[in-house]
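Student: I am new to this structure and should like to be guided through it step by step. May we begin?

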Amino acid sequence: MSNEQLTLLGDEAVALGAIHAGISAAYGYPGTPSTEILEYLIAEYEKGGPANAAPVARWCSNEKTALEAALGVSFAGRRAIVTMKHVGLNVASDPFINGALLAIKGGLVIAVADDPGMHSSQNEQDSRFYAGFAMIPCLEPRNQQEAYTMTREAFELSERFQVPVMLRLVTRLSHARAAITVRDAVPQKPVSKTEERSRWMLLPAFARTNYAALIEKQNDFQVWATTHPANTLELPGSEVNSGGAANGSMANNGRYDLAVITSGLGGNYYEENIADFIAMRGGKAPARLHIGAYPLPLESIRALCAAAEKVLVIEEGQPFIEEKLRGLLPQPVAIAGKLAGLDGGSGPVVRTGELDPDNVRHALGLPPRPSVIDALSGISEGNSQGDFTSGKITRPPQLCQGCPHGDSYETIKKAVAAIDGRPNHPDVGINSDIGCYSLGAAPPYAVPESIVCMGASVGMAKGAADAGLKYSIAVIGDSTFIHSGIAGLIDAAAADIPMTLIILDNSIVAMTGCQETMIPSENLRKLILGCGVKPERLLELEAKKQLVDENTARLKAEIEHRGLSVVIFKRECLEAFRKRRK
Ligand code: SF4
């Protein structure tokens, strides 16, 4: 095993790093681009099973329950990892922020995959802000090897400082494959429950002490970050030079004319362009700091910026470092990045979407690479350069041919038209949710009128009904309903709100690759009745093309009912059906 070479996705490197760090359990909720971490761990668990001491790995109802389960593992003295996408951390934010105040016993790592560029997400939020908010350390790997080694390190760190540790990933790292070298695994820890009861009870009297303890740890985190090998300070031509760059760019006043701060994948893109950049600058290498371990290494930042007249920040995600710098540095140091340029104008680094070698090249003031110029010159006039360079796909994704959601949307569309045939049907509001069925927002269906976050459709439909909208509808998938829609249904049932909840039950978590739902379809009915829905107002329909007309009449009656109705459209996802047959 020692020094074995494997080719893995970034997500798989995290999963294997966690196994080799001796985890006893892994939990998560599927969400692109994080899904493959837990899929790898579940596959290992199913292969090895408890008999072979493979770590337990399970999907959970949502990210909050996943993180709470991991806290329980840590309480019992064993190591655990939790996986989620960036918006999942919003759901888990309660145990996440409060977990930072606990005296973590078994190492606890929260692997969060951000999605700059919104390939499959509703926003670009940057999880480093959450780590800063909770005041816990964060590691940001820049390649698959670091994804593996930093995962292992994160567990050591978590136990050393008795705090949860965040591992921040991004789409390009999670979903790209590279060769990595792995080391021997460490064994799992025995069960050994925490003895520090007061450090695990956030009653006000204890919480105050625990919060003070967390504040005290900040100095230790700072020392750790400043000396961390992922935080590399390069001052070319000076003695403080861990990067080996030659020909420093010292101005006559003894300061560098420019310093560059990079983080995560931004460091790789910078390095792809560094030779051209130095050549453009007449052979002068700028000073540089790469950051891969947080909190920000303040001493290194101050040393860098004291030695430089200007600073350019290249980071993947939101301007986390740049914003902190603006409050940290004395006025004479000009800062450029996503927020502003060195001349005070707009920033040279793209503010939205992903970094890539070409837009980093542009930020450095370099001309486009010849290959890009050649490609651009072949574009017809009608196709803008912006669209080409951003790699936008002009044709939106569609539901699979024959998807059951298509028949459900056809039914909803007809029922709504039969109730209110006016343009934009002003008496009807249709709130949808996150899942494959979000694609029903595009033509030819164009049914949903809002899509906000997991579970929001139910609460929004309730609010719209309370506001007086006559026909208020929520459309949600079975898995999203279990994730967080169910609490909204309990609220609606308690007040018998005049609204219709439509559950599209395809018996699977389809969008993220067909993970099993937490509750089998046959139990959904009992669950809904248990929330207080009247049996006569719970309708189950088969989502089939040949039943569209019949279903339309039955759905219309429920929408017109002046109280709460739940209508379940049932049919298995085609992709899940294919996988099951294989
Ligand atoms: S994966 Fe399944 S649910 Fe998603 S669009 Fe395809 S058939 Fe429909």
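Tutor: Let us start with serine 507 in this predicted model. Its relative accessibility is 34%. Buried means under 20% and exposed means over 50%, so serine 507 counts as partly exposed.

Student: Where does serine 507 lie?

Tutor: Serine 507 is not a glycine, although its phi is positive at about 65 degrees. The residue belongs to the loop between S18 and helix H19 (521-530).

Student: Which other residue that is not a glycine has a positive phi, and what is the value?

Tutor: One such residue is found in the loop between helix H6 (127-134) and strand S6 (138-139). The residue is methionine 135, with phi near 65 degrees.

Student: What phi does the glycine just after H17 take?

Tutor: Helix H17 spans residues 456-466. Glycine 468 comes just after H17, and its phi is positive, at about 110 degrees.

Student: Which elements are included in what covers the buried residues of H17?

Tutor: The buried residues of H17 are Ala456, Ser457, Val458, Ala461, Ala464 and Ala465. Their cover includes strand S15 (428-432), strand S17 (471-477), H18 and strand S18 (499-505).

Student: How many disulfides does the count give?

Tutor: A disulfide is a covalent bond between the sulfur atoms of two cysteines. The rule requires a pair of cysteine sulfur atoms within 2.5 Å. For cysteine 453, the closest cysteine sulfur is in cysteine 436, 18 Å away, which is too far for a bond. By this rule the count is zero disulfides.

Student: Is cysteine 573 buried or exposed?

Tutor: The cut-off for buried is under 20% relative accessible area. Cysteine 453, at 37%, is partly exposed. Cysteine 573 has a relative accessibility of 9%, and therefore counts as buried.

Student: What is the division by class of the shell around the ligand?

Tutor: The residues around the ligand include Cys400, Cys403, Cys436 and Cys573, together with His405, Asn506 and Glu575. Leu399, Ala510 and Leu574 are also among them. By class, the shell divides into seven nonpolar, two polar and one charged.

Student: Which helix gives the most residues to the lining of the largest cavity?

Tutor: The whole structure holds three cavities of 30 Å³ or more, and the largest has about 50 Å³ of space. Of the 13 residues lining the largest cavity, the closest to its centre are Tyr29, Cys60, Ser479, Val509 and Met518. The lining has seven nonpolar, five polar and one charged residues. The helix that gives the most, with three residues, is H18 (residues 478-494).

Student: Which element gives the most to the lining of the second largest pocket?

Tutor: The second largest pocket has a volume of about 450 Å³. Among its 15 lining residues, Ile42, Glu46, Trp59, Gln515 and Glu516 are the closest to its centre. Helix H2 (35-48) and strand S3 (56-59) are the elements that give two or more residues to this lining. With five residues, the element that gives the most is H2.

Student: What omega does the cis peptide bond between threonine 32 and proline 33 have?

Tutor: Proline 33 is placed in the loop between strand S2 (23-28) and H2. The cis peptide bond joins proline 33 to threonine 32, and omega is about 15 degrees.

Student: Which residues does glutamate 272 touch, not counting those up to four places away in sequence?

Tutor: Glutamate 272 is in helix H10 (residues 265-280). Its C-alpha atom is separated by 6.7 Å from that of proline 357, although the two residues are 85 residues apart along the chain. Not counting residues up to four places away, glutamate 272 touches Pro357 and Arg369.

Key
Residues numbered from 1 in each chain as written. Predicted model: local features only at pLDDT ≥ 70, side-chain atom pairs only at ≥ 80, totals over all residues. Heavy atoms only, no water. Buried < 20%, exposed > 50% of the residue type's maximum accessible area, 1.4 Å probe, protein only. 1 Å grid on protein atoms, 1.4 Å probe; cavity = no way out; pocket = protein on both sides within 12 Å on 5 of 7 lines; lining within 4 Å. Points joined across faces, edges and corners; volume = space filled by probe spheres on them. Helix = DSSP H or I, 4+ residues; strand = E, 2+ residues; numbered from the N terminus. Nonpolar A, V, L, I, M, F, W, Y, C, P; charged D, E, K, R; others polar. Near = heavy atom within 4 Å. Contact = heavy atoms within 4.5 Å.
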